[in-house]
Amino acid sequence: HLSFEIAQGEILAVAGVQGNGQTELTEAIMGLQEHVTGSIKLGGEELVGRSVAQIIDAGVGFVPEDRSVDGLVGTFTVAENLVLNRYNKAPFARGLSMRPAVVAENAAEKIDEFDIRTQSAEAAAGTLSGGNQQKVVMARELSRPLSLFIASQPTRGVDVGSIEFLHKRIVAERDGGTPVMIVSTELDEVLELADRIAVLYSGRLMGIVPGNTSRDVLGLMMAGMSAEDALSHQSEIEGGAQ
């Protein structure tokens, strides 16, 4: 019972206390939820019923909330992790064979572009710091033309310098015209990045408000109040204070 749209060149931030349906929402879009009813359309094409691979091939980039479980294979090299979702497609594969030289060339480019701090492209991804692991995931997902970019907890467990870098890449993707959905429990991150903010509470959408909405209103919505009631309540408080 959720309904919303994301426009081209817009960041919709999904806010809420962890455990209120954010994970299930992203999994539904990505084809990871088995019991999804209704319609999820990307550029007019239906995604419900498609496999994860088909959804990725439709142009959806996805940064999962737990990079160590769902975003990376820790024992694989950095170079291999940078092509996890395209290892069997051109230019990284020819027929049934991978092209190691092309994979290595891609890794060198992305390590430089995303400032990934690693001893080499052949180092196991699991040996990198959390921030650099997140850069690997982000680099992989942003290395192809996208029709939709979803980033769940994009800077969780990441140092301040990496947060700033990752935020700039997310904004750049939006500025390039891609619809972007971020899911974050960090209100500072939501307010910094969002053009509009959707608040989830107990699996329900409390409303969608502008990106400059006050923390007080967002807090009331995150506690289960509708956007209309939260805005009205805030106006009454401000009116009384005057």
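# Exercises on a predicted model

With 84% relative accessibility, Gly43 counts as exposed. The structure is a predicted model, and the exercises below begin with this glycine.

**Exercise 1. Find where Gly43 sits, and state how far Gly43 lies from Val136 in sequence and in space.**

Step 1. Gly43 belongs to the loop between β2 and β3 (45-46).

Step 2. Exposed means a relative accessible area over 50%, and Gly43 stands at 84%, so the label follows from the cut-off.

Step 3. Along the chain, Gly43 and Val136 are 93 residues apart, and their C-alpha atoms are 28 Å apart in space.

**Exercise 2. Work out which residues of helix α1 are buried, where they lie around the axis, and what covers them.**

Step 1. Helix α1 runs over residues 22-29, and its buried residues are Gln22, Leu25, Thr26, Ala28 and Ile29.

Step 2. These residues cover an arc of only 155° around the axis, which puts them on the same side of α1. The general background is that an α-helix has 3.6 residues a turn, so residues three or four places apart point the same way.

Step 3. The cover over the buried residues of α1 includes the strands β1 (11-15), β4 (60-63), β7 (148-152), β8 (180-183) and β9 (196-201), together with α2 (52-57).

Step 4. Just after α1 comes Gly31, which takes a positive phi of about 80°.

**Exercise 3. Describe the largest pocket, and decide which element gives the most to its lining.**

Step 1. The space in the largest pocket amounts to about 980 Å³.

Step 2. Its lining is made of 28 residues, and those nearest the centre are Phe4, Leu25, Ile29, Ser39 and Ile40.

Step 3. Two elements, α1 and β2 (41-42), give two or more residues to this lining, and α1 gives the most, with four residues.

Step 4. Leu25 and Ile29 can now be placed in two pictures, since both are buried residues of α1 and both are among the residues nearest the centre of the pocket.

**Exercise 4. Identify the residues with the most contacts inside the largest nonpolar core, and list the contacts of Ile182.**

Step 1. The largest nonpolar core has 44 residues, and the most contacts inside it are made by Met138, Phe149, Ile170, Ile182, Ile197, Val199 and Met221.

Step 2. When neighbours within four places in sequence are left aside, Ile182 is in contact with Ile11, Leu12, Ala13, Val14, Ala151, Ile170 and Leu193.

Step 3. A second core, separate from this one, has 16 residues, including Leu25, Ile56, Val60 and Val183.

**Exercise 5. Find the buried residues of helix α9, and say on which part of the helix they lie.**

Step 1. In α9, which spans residues 215-222, the buried residues are Val217, Leu218, Met221 and Met222.

Step 2. Their arc around the axis is only 135°, which puts them on the same side of α9.

Step 3. Met221 is also named among the residues with the most contacts inside the largest nonpolar core.

Step 4. After α9 comes Gly224, whose phi is positive, near 110°.

**Exercise 6. Compare the surroundings of Asp115 and Gln153, each of which has a positive phi although it is not a glycine, and then locate the cis peptide bond.**

Step 1. Most residues other than glycine have a negative phi, and most peptide bonds are trans.

Step 2. Asp115 has a phi of about 50° and is found in the loop between α5 (100-113) and α6 (130-141); at 31% relative accessibility, Asp115 counts as partly exposed.

Step 3. Gln153 also has a phi of about 50° but lies in the loop between β7 and α7, where Gln153 is buried, with a relative accessible area of 4%.

Step 4. The cis peptide bond runs from Ala90 to Pro91, with omega near 5°, and Pro91 is in the loop between α4 (78-81) and β5 (93-94).

**Exercise 7. Decide whether Lys135 is buried or exposed, and name its contacts.**

Step 1. Lys135 is part of helix α6.

Step 2. Its relative accessible area is 5%, and Lys135 is therefore buried, because buried means under 20%.

Step 3. Apart from neighbours within four places in sequence, Lys135 is in contact with Phe114, Asp115, Ile116, Ser162, Phe165 and Leu166.

Note on methods:
Residues numbered from 1 in each chain as written. Predicted model: local features only at pLDDT ≥ 70, side-chain atom pairs only at ≥ 80, totals over all residues. Heavy atoms only, no water. Buried < 20%, exposed > 50% of the residue type's maximum accessible area, 1.4 Å probe, protein only. Arc of directions from axis to C-beta. Contact = heavy atoms within 4.5 Å. Core = buried A, V, L, I, M, F, W, Y, C linked by side-chain atoms within 4.5 Å. 1 Å grid on protein atoms, 1.4 Å probe; cavity = no way out; pocket = protein on both sides within 12 Å on 5 of 7 lines; lining within 4 Å. Points joined across faces, edges and corners; volume = space filled by probe spheres on them.
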